Amino acid sequence: MLRIKLKKIVGDSMAPTINDDDYVIVLSTYYRQRYRVNDIVVCDHPEYQHIIKRISNIRDNGDVSLSGDSIKSMDSKTIGWQPQSRLQGKVIIFNRINK
Amino acid sequence: MIRSLLSKIDKRMGVKKVYAHCDIPCKIYDPSAAQIAALSVIRFIDLINEINAKESLNANDQAQLVRLVREKEIHAKKVKDEITVIWGDYFKQPQFDQFPNTHSLVHSIMLTGSACKQHIDREKGLKLLELVNEFSASFWATKKVETFTATCPYPPSLKVVYPTL
């Protein structure tokens with residue numbers, strides 16, 4: 001079953017793709033969701049809490065590396081490899097709803 | 001139009017926020033700038049009080065006094081700004097769990113910093129340094145860096161918490 005949630009962005013680390021104050025639609029599933037490199041995802045990070053980043057790499061064990069689109073973003077090394085269990089869903093709509 | 005509708009939904013029901021964190025430069029936090037600024041505040045207070053002790057002030061003294069007051073103001077604000085950045089950008093929940101008095105400590109630093117701007121009371125300057133040293137010790141402890149206390153090698157020659165690197 002699918003879950004769709006509306007979220008509001010705070011911060012500029014995904015600029016210019018997604019900007020501060022933008023809204024995004026996040027899709028998640030109750031079963032194991034399939035993620036790919038370049039997906040924009042919401043992650044429940046143990047230190048930085050509810051963050052939005054792009055998947056830049058996926059390890060063999062499924063862990064993902066996250067980074068922002070902006071050069072101002074925290075780098076992926078700072079964020080650290082995250083298990084997919086911490087991912088809260090994939091951003092499916094962002095640009096059309098913020099015009 | 002869609003955005004306008006979403007804004008209304010947000011205002012009415014509250015939309016959960018997600019954070020797109022930025023750090024420039026990444027991970028460079030150091031309370032030493034706040035400590036040096038606090039030492040400077042005490043030094044300026046001492047110099048102001050030296051002038052204040054004179055029976056009469058000539059034009060040079062008055063010019064010097066104006067400059068010292070101005071620099072005291074600037075450096076007290078610098079203490080507040082430096083601490084605010086570390087507290088707001090570096091400290092997250094794990095660090096607050098480790099040092100649950102951090103919010104209260106930062107608030108005390110803000111209040112004491114303001115008091116140093118308003119007065120030329122050395123005790124207030126000493127209190128500011130004490131609080132900033134406490135904050136510094138907490139900060140380094142969250143990074144698992146040991147600290148030691150030593151007298152700074154310049155006036156006002158007071159105890160400062162330094163990281164053991």
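In the predicted model, A:Lys8 counts as buried because its relative accessibility is 15%, below the 20% cut-off applied to buried residues. The residue lies in strand β1 of chain A, which covers residues 2–10. Its side chain makes a polar contact of 3.4 Å with the side chain of A:Asp21. Apart from neighbours within four places in sequence, A:Lys8 is in contact with residues of both chains. In chain A these are A:Asp21, A:Asp22 and A:Tyr23; in chain B they are B:Asp10, B:Val15, B:Lys16, B:Lys17 and B:Val18.

Strand β1(A) is joined to β2(A) by seven bridges, and the two strands run antiparallel. Within this pairing, A:Lys7 has A:Val24 of β2(A) as its bridge partner. Strand β2(A), which spans residues 23–29, also pairs with β6(A), residues 87–93, in the antiparallel sense over three bridges. Two positions specify the register between β2(A) and β6(A): A:Val26 has A:Val91 as its bridge partner, and A:Leu27 stands opposite A:Lys90. Strand β6(A) pairs in addition with β3(A), residues 40–45, again antiparallel and over three bridges. In that pairing the bridge partner of A:Cys43 is A:Leu87 of β6(A).

Strand β2(A) is mostly covered, with seven of its seven residues buried. The cover extends to both faces of the strand. On one side the buried residues are A:Tyr23, A:Ile25, A:Leu27 and A:Thr29, and on the other they are A:Val24, A:Val26 and A:Ser28. One of the residues of β2(A), A:Tyr23, is also among the contacts of A:Lys8.

Chain A as a whole contains one helix and six strands. Along the sequence these elements follow the pattern β-β-β-β-β-α-β. Of the 99 residues in chain A, 51% are buried. Contacts between residues at least 6 apart in sequence were also classified by separation, and in chain A 50% of them join residues at least 24 apart. The accessible surface of the chain comes to about 5,300 Å², and carbon and sulfur atoms account for 47% of that surface.

Chain B contains six helices and three strands. From the N terminus on, its elements run α-β-α-α-α-α-α-β-β. Buried residues make up 38% of the 165 residues in this chain. Among contacts in chain B with a separation of 6 or more, 64% are between residues 24 or more positions apart. The accessible surface of chain B is about 9,600 Å², with 56% of it belonging to carbon and sulfur atoms. The mean pLDDT of chain B is 91, and 96% of its residues reach 70 or more.

Within chain B, B:Ser136 is found in helix α6, residues 122–142. B:Ser136 is classed as buried because its relative accessible area is 0%. Its side chain is joined to that of B:Gln35 by a polar contact of 3.5 Å. With neighbours within four places in sequence left aside, B:Ser136 is in contact with B:Pro31, B:Gln35 and B:Val161. B:Gln35 thus appears both in this contact list and as the polar partner of B:Ser136.

The two chains bury about 2,400 Å² between them, and 62% of this area is on carbon and sulfur atoms. Three residues, A:Val10, A:Tyr23 and A:His50, supply 24% of the area that chain A buries against chain B, more than any other three residues. The contact takes 30 residues from chain A and 22 residues from chain B. A:Tyr23 therefore belongs both to this set of three and to the covered strand β2(A), where buried status means under 20% relative accessible area. The contacts of A:Lys8 with chain B include B:Asp10 and the run B:Val15, B:Lys16, B:Lys17 and B:Val18. For the complex, the predictor gives an ipTM of 0.78 and a pTM of 0.59.

Definitions and conventions:
Residues are numbered from 1 along each chain as its sequence is written. Chains are lettered from A and ligands numbered from 1 in the order in which they are written. This is a predicted model: local features need pLDDT of at least 70, side-chain atom pairs count only at pLDDT 80 or more; totals for chains, interfaces and linings use all residues. Side-chain values use heavy atoms; hydrogens and water are left out. pLDDT is the predictor's confidence in each residue, from 0 to 100. Helices (H or I, at least four residues) and strands (E, at least two) are DSSP runs, numbered from the N terminus. Buried means under 20% relative accessible area, exposed over 50%, partly exposed in between (1.4 Å probe, protein chains only). A polar contact is a pair of N or O atoms within 3.5 Å; within protein, one must be able to donate a hydrogen and the other to accept it, and residues adjacent in sequence count only if both atoms are side-chain atoms. Contact means heavy atoms within 4.5 Å. Two strands pair if DSSP finds at least two bridges between them. Accessible areas come from the Shrake-Rupley method with a 1.4 Å probe; for residues, only the protein chains shown count as cover. Buried area is the accessible area (1.4 Å probe) that two parts lose on being put together, summed over both.
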